[in-house]
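Colleague: I have a chain to look over before I go back to the bench. Can you walk me through it?

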Amino acid sequence: MLEAHTARRYTHRMTIKAVLFDLDETILDRSRSLELFLTWEASEFLNLPFADCERYIERFLELDNNGLGDKTEIYSVLWKEFGLYEQTAAELAANYRNSFSRFCCEKRHVDQAVSVLKSKDYRLGVVTNGPSPFQENNLEALGLTQFFDTVVVSDALNVRKPDPEIFKVACSNISVDTEHCVFVGDNPEADIQGANNLGMYTVFVPTRRHPACSFANKVCRDMRDLPAVVIEADGAGNH
Ligand SMILES: [Mg+2]
């Protein structure tokens, strides 16, 4: 299993034609967006007593398990525990799907990074695990859809990162071979290992949840540095 966690070593510079991004916690500041949404939901939408709001938010986050929890199940639990009987659990889950995007905020300097990369003629894409059209709506809410040539969402394809298929679909959509792609993401297994397996050049974005990844080609803490990281990986540079 040792080699399963090894990035390809690049002895020669490669030609980079495209940069693919993960969405949650790479482009979208999901933690912050969710905190803003839940604060609104608890205090204004559900009109919970002030004393219950913090407890409600904490319980949601616990059940959410960093986005992995099924929202209908989460709301069924909350519905019961907080006595939210004015609506059904299904209606609460629908409110989440419909209202979350209003609270979406991006990770710092992502807009700057993507606009610089776009101006240098790199093709750009998003590859995300999550529901569709929820994820597409969130990207749209950030005002970033225009920069991306393809947006691939696991729910629409029925395959999730790190399955190679989802990366291949994104590459095929923009007519770029996998080895001419940079992949930027915060999840060591789903993003970095998944993209490493296809020979992509991988850029890890550290977060509180995943502070380190030893098998990425590069680490990028500040999105303003990303264009330089891509250009450095790109041997040809003649786009
Ligand atoms: Mg992510």
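Below, a colleague asks and a modeller answers, working from a predicted model.

Colleague: How is the protein chain divided into domains, and how many Å separate the centres of domain 1 and domain 2?
Modeller: The domain assignment gives domain 1 as 2–29 + 106–233 and domain 2 as 31–103. Taken over C-alpha atoms, the separation of their centres is 29 Å.

Colleague: How many residues does the contact take from domain 1, and how do the residues on that side divide?
Modeller: Domain 2 gives nine residues to the contact, and domain 1 gives eight. The side of domain 1 that touches domain 2 divides into three nonpolar, two polar and three charged residues.

Colleague: Is strand E4 buried or exposed?
Modeller: Take E4, residues 181–185, one face at a time. One side carries Cys 181, Phe 183 and Gly 185, all buried. The other side carries Val 182 and Val 184, also buried. Five of its five residues are therefore buried, where the term asks for 20 or more other C-beta atoms within 10 Å.

Colleague: Which residue in E4 is the bridge partner of Leu 20?
Modeller: Strand E1, residues 18–21, runs parallel to E4, and four bridges join them. In that pairing, the partner of Leu 20 is Phe 183.

Colleague: Which residue in E5 stands opposite Val 182, and what is the hand of the crossover from E4 to E5?
Modeller: E4 also pairs with strand E5, residues 201–204, in the parallel sense over four bridges. There, Val 182 stands opposite Tyr 201. The chain passes from E4 through helix H9, residues 188–196, to E5, and this β-α-β crossover is right-handed.

Notes: Residues numbered from 1 in each chain as written. Predicted model: local features only at pLDDT ≥ 70, side-chain atom pairs only at ≥ 80, totals over all residues. Buried ≥ 20, exposed ≤ 12 C-beta atoms within 10 Å, placed from the backbone. Helix = DSSP H or I, 4+ residues; strand = E, 2+ residues; numbered from the N terminus. Pairing = 2+ DSSP bridges. Right-handed = clockwise from strand over helix to strand, strands pointing away. Domains from an automatic or database assignment. Contact = placed C-beta atoms within 7 Å. Nonpolar A, V, L, I, M, F, W, Y, C, P; charged D, E, K, R; others polar.
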